[in-house]
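User: I should like to go through the reasons behind some of the labels attached to this structure. Please set each value against its criterion.

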Amino acid sequence: MIHDNGISNRSNNRPFEDILRARLSRRNLLTRSAMLGASGFLAALAGDKLLAQGAAAATGANSETGLVGGQMLAQARKLVDFPIVPVSAGSGPVPAISSAYEYDILIPWGSPLQGPGQGPNYNGDPKRRPSSAEQAQQIGIGHDGMWYFPLDQGNDNGMLAINHEYGTNSHVIGKDLPTSLEDVRVSQHAHGVSVVEIRRVRGAKWQAVPSPRSRRIHVNTPVTFSGPAANSPLLRTAAGNPPLGTLNNCANGKTPWGTYLTCEENFNGYFGDSTYNAQTKTGTWKATNAQKRYGFAAAGAGYGWELFDKRFDLASAEHANEENRFGWVVEIDPMNPNQTPVKRTALGRIKHEGAEVVEGRGGRIVVYMGDDERFDYIYKFVSADNWRSMRARGVSPLDEGKLYVAKFNDNGTGSWLELNISNPALRGKFSDQAEVLTYARLAADALGATPMDRPEWITAAANGRVYCTLTNNTQRKDTQVNAANPLGPNPDGHIISWRDSDDYTGTSFTWDIFILAKDTHGNGDERTFSSPDGLWADPDGRLFIETDGTQKKGLNDQLLVANLETGDIRRLLTGVTDCEVTGITVTPDRRTMFVNLQHPGDGNPAKTNFPAPQGSGRIPRDCTLVIRKKDGGIIGS
């Protein structure tokens, strides 16, 4: 994502690399080396249990599972046992997939929401882009997080809720800056969420189909707020305009009661100062400390919406606080097209990457969230009571509960620190709980949370552990860091995991590193990756890893599958030149998987025309890939 390169955290909280160095100093590096040599590639840092197993594999000694070297690797191959995509096949203008698999193309940007022939269609013609009215009836751009909600038999028909994170002006409107409100509306309507009914038709091929449930939710769609900050003055403007829209929708979550959670990430980039002069670097708007902490800048990210839509003009006194209406987790009912999307303020306002929901002790809902910026934090929310009981009383489990931020300790333990106005560290700095939640980053700074390397997707696995991708961080300025320290600087990222006390609901945890992406480089094998991003754990013990930055290593971004027990990794798919592989969901039988290719070719038809035929001159368009195993097996096997 092009907006992920800034740093807004200027706190003096202890950097994660300091803690990680102390933690790694307690590791047996000889064991790690033995693991890498024994199996070609295992997760060298996958926790104490895995270290013991890896050492057993290298020496032939008994492991905790009672398996020895070859037996353990054979078991791994049974779980993840498909032909790997070689590096040589993974750098072209079209996707490459394992020879045991196949893919189809679904809902590219500009496809009619109601299916082929059921509305305006955009085919990538660079001379004729959609109008704002057309775009509101079409699939948006920037395909990202998504989830499949089954209908009827489930495996052949369902609602796909899919995020549209972003699209640049040059791609969406064909110019660097908007020159009219119509240009702004086209861009705004390309953002947001699509809820689209899809069905397997004509044998195995999927497509969008006409449905009363299908709808577009974009920047100008009515929304509402709930939870502790819903009625706060911080969410009201002098203009009195109603809350509208969602944007920069990155990763996602789904609830056990069947709703979709879409997460607003780099919302700051859509606001700017209409009076700002780029040459003199002057304007009438001056950022508050809170606005600085969330990355607001006079020039924004170059969208220019503020030039024609005062909602996004930081210099407009009438629309002050409009920026506080973004940065939330938004709940959408995919089965009810008349439902107003709800922004759940109890989950806090950050640059949400995702919202992983699990059921914890006593039936309470736990929501894990990453704040995707360098040196920002990992959060979790725990509902006040059993979610079924709360819903029976007419209370959303996402409106009442406790919000925490993570602090990692040297010895592999950690604490969840509560963001509550009653906390002595927050008293006197915030006026009420609504302000704590609206400025959750500032509250987390005050509590001493641990700055991380861009916390992105989080997934809870069947083994009781929670995994989080830390995509990268090249901007550390720690003079103690040297080449011997694998995370400083950290251009390739890593994946961390932890186990919470009290069945996800406790305030303490133990943590470890699952893998450093750097450790996959230079071995001459076929498992190299960088910048892990998307993440999903299946019920059998597979971890699906999507990347956003591997192309910097001479390989397109990709989808990999890891065995959580052994750390063995295989490459299932590579995307196209200069795309991100992101978004992941499956049908209930797990024999069909959907993943997204975002910003293929960075919008440049000279790099790729995908999904149009190569040489067609069409603009490359974000799209969803439908992945099937040729023998009809479980995806990842």
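User: Where is Asp183 found, and why is Asp183 called buried?

Analyst: In this predicted model, Asp183 lies in helix 7. Buried means under 20% relative accessible area; Asp183 has a relative accessible area of 10%, and is therefore classed as buried.

User: What makes the pair of Asp183 and Lys175 a polar contact?

Analyst: The criterion is a pair of N or O atoms within 3.5 Å, one able to donate a hydrogen and the other to accept it. The side chains of Asp183 and Lys175 make such a contact at 3.0 Å, so the distance satisfies the cut-off. Leaving aside neighbours within four places in sequence, Asp183 is in contact with Ile173, Lys175 and Pro178. Asp183 and Ser132, 51 residues apart in sequence, have C-alpha atoms 7.6 Å apart in space.

User: Why is helix 7 described as largely enclosed by the rest of the structure?

Analyst: The description follows from a count: seven of the ten residues of helix 7 are buried, so the helix is largely enclosed. The buried residues are Asp183, Val184, Val186, Ser187, Gln188, His189 and Ala190. They pack against helix 5 (132-135), strand 4 (157-164), helix 6, strand 5 (192-201) and strand 7 (215-217). After helix 7 comes Gly192, with a positive phi near 105 degrees.

User: Why is Leu177 called partly exposed, and which surface patch does Leu177 help to make?

Analyst: Partly exposed covers the range between the buried limit of 20% and the exposed limit of 50%. Leu177 has a relative accessible area of 43%, so the label is partly exposed. Leu177 sits in the loop between helix 6 (169-172) and helix 7 (181-190). Together with Leu181, Leu307 and Phe308, Leu177 makes a nonpolar surface patch of about 320 Å². Members of a patch need over 30% relative accessible area, and the 43% of Leu177 therefore meets that condition.

User: How do you know that Ser530 is buried, and what does its side chain contact?

Analyst: Ser530 has a relative accessible area of 1%, and the limit is under 20%, so Ser530 is buried. Its place is in the loop between strand 23 and strand 24 (532-537). The side chain of Ser530 makes a polar contact with the side chain of Asp492 at 2.8 Å; the cut-off is 3.5 Å, so the pair qualifies. Beyond neighbours within four places in sequence, the residues in contact with Ser530 include Pro491, Ala517, His521, Thr547 and Lys553.

User: What makes strand 22 and strand 23 a pair, and how is strand 23 joined to strand 18?

Analyst: Two strands pair if at least two bridges are found between them. Strand 22 (residues 494-500) and strand 23 have seven bridges in the antiparallel sense, so they count as a pair. Here Asp500 stands opposite Phe509 of strand 23. Strand 18 (residues 413-418) and strand 23 are also antiparallel, with three bridges, and therefore pair as well. Ser415 has Ser508 of strand 23 as its bridge partner.

User: What makes strand 23 mostly covered, and how much of the chain is buried?

Analyst: Seven of the nine residues of strand 23 (residues 508-516) are buried. Across the 637 residues in the chain, buried residues make up 62%.

Note on methods: Residues numbered from 1 in each chain as written. Predicted model: local features only at pLDDT ≥ 70, side-chain atom pairs only at ≥ 80, totals over all residues. Heavy atoms only, no water. Patch = residues over 30% accessible without salt bridge, like charges linked within 9 Å, V, L, I, M, F, W, Y side chains within 5 Å. Areas by Shrake-Rupley, 256 points an atom, 1.4 Å probe, with all protein chains shown as cover. Salt bridge = Lys/Arg side-chain N within 4 Å of Asp/Glu carboxyl O. Helix = DSSP H or I, 4+ residues; strand = E, 2+ residues; numbered from the N terminus. Buried < 20%, exposed > 50% of the residue type's maximum accessible area, 1.4 Å probe, protein only. Contact = heavy atoms within 4.5 Å.
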